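Welcome! Open your viewer, get ready to select residues by number, and we will walk through this model one stop at a time.

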Amino acid sequence: MDILEFRDIKVSPDQFFTYLDPIKNSNTPIVIENGSYNCRVGWATVEKPLMVFKNCLAKPRKERGKKDGEMQVGNDILNIEAVRFQLKTQFDRNIVTHCEIQEHIFNYMFSHLGINTETINHPIIITEAFMNPNYSRSCMSELLFECYGVPSVCYAVDSILSYRNESKNGNTGLIISCGYYSTHVLPIIDGAIDAKHSRRLDIGGYHITSYLHRLLQLKYPVHFAAITLSRTEELLHEHCHVAVDYLEELRKWSDGDYYDQNIKCFQLPYTTQSSLTPEQQKERRRELARRLIEINARKREEKLAEDEEQLNQLLAIQDLQEEGEETEFQKAVSDFGLNNSDDLPKMIGQIQARIEKTRQKIVAANTSEDPITEEPKQKIMKFQTPKGEEDFKSWVEGVRRKREEILEKRAIRRQRRSDMAKRKTAASFERMRLISQLARNEKRDDDFGLRDEDWDVYKAINKEGGDTDSEGETEKLLELEQVLKAHDPSFWSEGIEAPGETHRLHVGVERFRAPELLFQPSMFGCHQAGLAEVIEYVLNGYDEDMANQLSKEVFITGGLANLPGLKDRIIAELTQIRPFRSQLGVHVASNPSLSAWYKARDMARNLSWLKSSSITKEDFTEKGYEYLKEHCVSNPYTPSPAPITQIEGVVQNTPNIVSEEIEIDVI
């Protein structure tokens with residue numbers, strides 16, 4: 001079985017690009033795919049995004065005596081697990097709700113693009129969630145126009161962009177968008193999205209990662225801290241797959257041979273015993289002793305300062321008594337916590353004695369030499385390696401035999417302890433018989449324990465089976481195993497755990513159990529229908545001809561579309577949903593993660609289209625913050641209803657409330 005290792009990829013900070021004059025003078029559009037997992041940013045003139053980073057930020061904790069740490073965004077967070085609980089995102093699920101965090105993200109984008117002007121003099125095309133609320137869009141527009149002064153903004157839906165980029169006809173089809181927080185099923189009819197029949201499933205990559213994380217931590221509770229979310233994401237992206245038939249896949253894994261052939265073993269990092277030289281060990285002990293002396297000296301100095309301050313306060317109170325200030329003296333005594341004035345001299349004496357003792361300790365510590373811990377006595381091996389080959393083999397066999405004898409004794413004791421816990425075993429019957437004999441109510445002196453044979457009875461009825469694993473036996477076993485490791489190469493291959501064996505994860509059914517959440521959300525506690533049921537519900541909303549057209553052009557996009565087996569699973573589910581011999585066509589985006597950005601870049605290069613589809617500052621001012629220009633890749637625009645205002649002279653249609661007397665018969 002191959003042992004795989006976690007790569008633990010460390011991100012590198014994004015570079016700061018140069019703000020070139022050709023870009024500055026031509027007002028080149030900026031393309032932003034504002035995804036809830038990754039954010040992708042670049043100029044419309046480049047072939048690929050200049051920056052791809054996690055759409056989150058972290059604010060380091062304020063350290064004592066230092067200024068507030070700078071906000072870290074995206075790839076600036078070098079060790080994301082160290083600040084996992086400090087991460088913040090502008091999203092609530094897949095909707096932008098925290099504008100302050102979004103502003104920090106924008107500052108990060110524009111500064112790394114090299115823009116050094118007060119305002120952003122470039123048109124922006126940015127993605128938003130499907131059916132994004134007007135309030136969220138109004139906040140985004142206000143931020144871009146008022147804070148950054150952009151000339152125009154074009155909003156687009158990422159899943160529709162990806163569909164337009166890679167679909168065959170682009171007119172009629174069914175989009176399955178697998179996002180980080182949600183999954184959408186969007187029908188496209190004659191080039192326009194049908195929002196009425198669209199549906200959302202609140203399961204995405206975040207939930208699958210969390211579920212896989214919990215499964216592994218429950219399976220290996222000892223390695224709870226080592227199984228991080230970053231490693232879980234690596235497992236999901238590189239080793240998980242979607243089962244075409246979930247129950248059939250589980251039955252396969254019940255076979256031992258199939259399990260051994262398909263299990264994947266991952267090595268967690270671990271540390272072994274350090275092989276330090278005697279000089280290094282001596283220096284290490286010297287350093288530890290020096291640190292301990294410094295800590296004790298600092299504690300003595302602090303204690304001495306506290307005692308001296310307390311002594312000065314008590315002496316000041318005593319001076320009040322000598323000066324005859326009786327009222328102030330009694331008040332000071334009560335404030336200090338003394339019962340009466342007679343306790344004052346006694347406490348002063350105790351503190352003076354304690355101060356003197358502390359000073360003597362400080363003087364003794366300063367005058368003593370630097371202590372060196374005594375060298376531990378090296379344990380001398382009791383075994384001498386023979387010189388002859390035959391003698392060497394027989395010697396190794398003898399060592400193995402001694403080890404096996406110790407292990408056999410331990411196994412017998414453990415079996416006896418196990419039998420004692422069971423009710424209907426011979427050992428349990430014998431133990432209860434002895435206890436019943438000792439508990440007989442006879443009139444005699446209770447001298448049990450005075451004779452040596454009484455302890456034999458105690459050992460016989462002891463729940464440990466009469467003996468336990470002694471320290472000497474354990475040391476002997478470790479010594480024998482150390483000899484075999486050094487002189488017997490076949491020792492490791494006989495069931496003895498190799499170094500790191502206890503730090504390995506054996507991942508089997510978890511690799512397809514976690515992605516199954518898309519089709520069975522109830523496994524995660526989500527009371528929603530699965531993806532197959534949602535697709536069936538959407539198709540049932542149309543007549544047979546339109547449902548056939550949609551099922552011919554099913555397009556899968558989003559980060560989870562990279563999972564192997566997802567396309568085959570969708571085909572299998574559609575085969576069961578659709579009538580016999582229905583035509584099915586399922587396609588996956590060639591690059592599900594970047595397809596939307598590529599299409600947005602291509603559309604931004606068409607300046608005439610971008611101008612007609614963008615919201616300008618004048619539109620923002622005249623038509624309202626939430627205004628949206630509809631186009632082929634946008635959300636449908638539905639104005640928010642006007643607020644209800646009270647108009648003088650107009651009586652609202654409210655039901656008249658008439659009080660009536662109701663007679664109640666009291667029984």
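Our tour starts inside: the largest nonpolar core has 62 residues, and Ile30, Phe106 and Met109 are those with the most contacts within it. A nonpolar core here is a set of buried Ala, Val, Leu, Ile, Met, Phe, Trp, Tyr and Cys residues joined through side-chain atoms within 4.5 Å. Buried means under 20% relative accessible area, exposed means over 50%, and partly exposed lies in between (1.4 Å probe, protein chains only). Now select helix H2, residues 99–112, which gives the most to this core, with 6 residues. Helices (H or I, at least four residues) and strands (E, at least two) are DSSP runs, numbered from the N terminus.

A few notes before moving on. This is a predicted model, with local features needing pLDDT of at least 70 and side-chain atom pairs counted only at pLDDT 80 or more, while totals for chains, interfaces and linings use all residues. Residues are numbered from 1 along each chain as its sequence is written, and side-chain values use heavy atoms, leaving out hydrogens and water.

Next, select Phe106 and show its surroundings. Which residues does Phe106 touch, not counting those up to four places away in sequence? They are Ile32, Ile126, Met140, Leu143, Leu144 and Tyr148, where contact means heavy atoms within 4.5 Å. Apart from this core lies another, of 46 residues; to find it, try Leu215, Tyr220, Val242 and Leu560, which are among its members.

**Cysteines**

Now select Cys139 and Cys99. Why is there no bond from Cys139? The closest cysteine sulfur, in Cys99, is 4.1 Å from the sulfur of Cys139, which is too far. A disulfide is a pair of cysteine sulfur atoms within 2.5 Å, and by this rule the count comes to 0. Cys139 is buried, at 13% relative accessibility, whereas Cys147 is partly exposed at 39%.

**Salt bridges**

How many salt bridges does a search of the whole structure find? The search gives 23, each being a side-chain nitrogen of Lys or Arg within 4 Å of a carboxyl oxygen of Asp or Glu. Here are three to visit.

- Select Glu33 and Arg40, whose side chains meet at 3.5 Å, N to O. Glu33 is buried at 7% relative accessibility, and Arg40 is buried at 9%.
- Select Asp307 and Arg354, which meet at 3.3 Å, N to O. Asp307 lies in helix H9 (residues 278–323) and Arg354 in helix H11 (residues 343–367), so this pair ties together parts 47 residues apart in sequence. Asp307 is buried, with a relative accessible area of 1%, while Arg354 is partly exposed at 34%.
- Select Arg601 and Asp602, whose side chains meet at 3.0 Å, N to O. Salt bridges with shared partners join Glu47, Arg601, Asp602 and Arg605 into one network. Arg601 is buried at 8%, and Asp602 is partly exposed at 31%.

**A sheet to finish**

Finally, show strands S1, S16 and S17, which form an open sheet of 3 strands in the order S1-S16-S17, with mixed pairing. Strands S1 (3–5) and S17 (504–507) stand at the edges with a single partner strand each, so one side of each has no neighbour in the sheet. Two strands pair if DSSP finds at least two bridges between them; S16 (residues 264–267) and S17 pair in the antiparallel sense over 4 bridges. For the last selection, pick Cys265, which stands opposite His506 in S17.
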